[in-house]
Amino acid sequence: MASQTSNREPWLLENGNLKTLNKEMRHGRTAHNMSSSSLRKKSDISLISRVPCGWLRLFLSNLQEVIFGTKLFILFPAIPLAILGDCYGFGRPWVFGLSLLGLVPLAERVSFLTEQIAYYTGPTGPYLPSAAKLNPYKLGGLLNATCGNATELIIAIFALRERKIAVVKYSLLGSVLSNLLLVLGTSLFCGGLANLSKEQKYDRRQADVNSLLLLLALLCHLLPMLFRYAGASAALTAEPALQLSRASSIVMLIAYAAYIIFQLWTHRQLFETQEESEDGDDGAEEAAVIGFWSGFIWLVGMTLIIALLSEYVVHTIEDASESWGLSVSFLSIILLPIVGNAAEHAGAIIFAFKNKLDITLGVALGSATQIAMFVVPFCVVVAWIMGIKMDLDFNVLETGSLALSIIATAFALQDGTSHYLKGLVLLLCYLVIGTCFFVSKSTPVHHPENIINTGIKMTTRSEAVFRA
């Protein structure tokens, strides 16, 4: 058996062993991994295996698996087109649109590569010291916990560097809203219609944990906003609200670290998903299709490309807003999250069709929790380090939308069963919120410096009236 495998895929034996995903590891895969895997396709490597040159065979096999191993490979040409468009001065709205399309397959490939790397760092993997060995599920989950929303995080960092705080807040808020309402709503709606004759059930314990963390995030967003209405002057409450936001961000990061320990170590059984193969053979093994160092190099390269496209998106979003007649808030809250997470969202819907709602909930709620409890407070801390005054006050309209979305989702998931009507209601909620931001003008999200300046002007004006 070993000789047969060696003859078939010799370039995978980087350390003398073919890395496989056994039954224990398969049943411990995270929902993000399984969601992304639904968009992958098997590669035919019979022709590549005949290439005599070793390094060329390795490169072609990696190219086959990484680039052509996804059903979204047809979107990869958007990446060079976006780069050429920026270099040769094409219309900036075109660069914006092409960059968004290019981010779709890249986000899915990052999830694929993190899973491949996790195969090599488990108890039998050669790339960790023996004292640092982790369960493959734990390491894969840890990689997903930090890289699962890499696209949103990179876009936010580049927007912060350009001091576009409104884009940061809008895009992160949109990611949470799209996961809670659009992704989950579409999944429950389609899954309910496809399984009318079956009772759809899921483990509500996982949903309860994520809902509790989302409510904590909502509290941290509400209090800085309420500071503006509790104080006598906006200028006097701006600095305390900023300090409260930074303290709350640290608390949220601590809570997220506790959530990771809870998810990967102490209560791992709540988050494991049972993957059933199409032929009913649960004991079949999956093999890593690329080597450790190859996966690491590809992961670094794709992260750099995501950073480049994210920079294009940040620089051209205002031009696209003017050209398309859409507000920056609509593009950031609605369009960016839909395109950036399209692959993951499609996977969640596919598993809902298969009546595997635990995986769907793991994707939708897991992503929303990661954005709210990790990415948002991390951006506040990074802005603090950069000397930028970013707080957690997302304004009344945005915070209200977030609050109602979390409450509606928590109510929909409280009984552990699902049907298409729940999904339809969540979708209609997202439609109303999207319409709200579509008809609203692009107004900047509350910024501490703007509040201070506004407060000074209001104070001066009121003093003039009083003197008169």
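How many Å² does the accessible surface of the protein come to, and what percentage of that belongs to carbon and sulfur atoms? I looked this up first, keeping in mind that the model is predicted. The accessible surface is about 20,600 Å², and carbon and sulfur atoms hold 66% of it.

**Entry: overall make-up**

I noted 18 helices and 4 strands as the secondary structure of the protein. The chain has 468 residues, and 53% of them count as buried. I then looked at contacts between residues with a separation of 6 or more: 84% of these join residues 24 or more positions apart.

**Entry: aromatic pairs**

I looked for paired aromatic rings and found a count of 6 aromatic pairs. I took the pair of Tyr 256 and Phe 374: the ring centres are 5.2 Å apart and the planes meet at 25°, so I put the pair down as stacked. The cut-off behind that word is an angle under 30 degrees. Where do the two residues lie? Tyr 256 is in helix 11, residues 234-266, and Phe 374 is in helix 15, residues 357-385. The pair therefore ties together parts that are 118 residues apart in sequence.

I checked how far each of the two is covered. Tyr 256 has 7% relative accessibility and counts as buried. Phe 374 is buried as well, with a relative accessible area of 16%.

Phe 374 has a second partner in my notes. Its ring centre lies 5.7 Å from that of Phe 378, with the planes at 20°, so this pair is stacked too. Both residues belong to helix 15, where they are 4 residues apart, or about one helical turn. I wrote down the background beside this: an α-helix has 3.6 residues a turn, so residues three or four places apart point the same way. Phe 378 is partly exposed, at 30% relative accessibility. With Tyr 259 added, Tyr 256, Phe 374 and Phe 378 make up one aromatic cluster.

**Entry: a charge over a ring, and a loop**

Over which ring does the charged end of Lys 354 sit? I found it over the ring of Phe 351, 5.4 Å from the ring centre. I went on to Asn 355, which is in the loop between helix 14 (342-353) and helix 15. Asn 355 is not a glycine, yet its phi is positive, near 65°. At 21% relative accessibility I list Asn 355 as partly exposed, since buried would need a value under 20%.

**Entry: helix 8 and what follows**

I checked the length of helix 8, residues 150-161. At 1.5 Å a residue, its 12 residues should span 16 Å, and the end C-alpha atoms are 17 Å apart, which agrees. Is helix 8 largely enclosed or largely open? Of its 12 residues 10 are buried, so the rest of the structure largely encloses helix 8. Among the buried residues are Glu 152, Leu 153, Ile 154, Ile 155 and Phe 158. I also found Ala 150, Thr 151 and Leu 160 in that set.

After helix 8 comes Arg 163, in the loop that leads to helix 9 (165-194). Arg 163 is another residue other than glycine with a positive phi, here near 60°. Its relative accessibility is 53%, so I list Arg 163 as exposed.

**Entry: two serines**

I looked up Ser 401, which lies in helix 16, residues 395-412. At 9% relative accessibility Ser 401 counts as buried. What does the side chain of Ser 401 reach? It reaches the backbone oxygen of Leu 397, at 2.9 Å. Setting aside neighbours within four places in sequence, I found Ser 401 in contact with Leu 177, Ile 433 and Phe 437.

The other serine I checked was Ser 329, in helix 13, residues 328-340. Ser 329 has a relative accessibility of 1% and counts as buried. I noted its C-alpha atom 6.1 Å from that of Tyr 170, although the two residues are 159 residues apart along the chain.

Note on methods. Residues numbered from 1 in each chain as written. Predicted model: local features only at pLDDT ≥ 70, side-chain atom pairs only at ≥ 80, totals over all residues. Heavy atoms only, no water. Phe/Tyr/Trp six-rings, centres within 6.5 Å; stacked < 30°, edge-to-face > 60°. Buried < 20%, exposed > 50% of the residue type's maximum accessible area, 1.4 Å probe, protein only. Lys NZ or Arg CZ within 6 Å of the ring centre and 35° of its normal. Expected span 1.5 Å × (residues − 1). Contact = heavy atoms within 4.5 Å. Areas by Shrake-Rupley, 256 points an atom, 1.4 Å probe, with all protein chains shown as cover. Polar contact = N/O pair within 3.5 Å; in protein donor to acceptor, adjacent residues only side chain to side chain.
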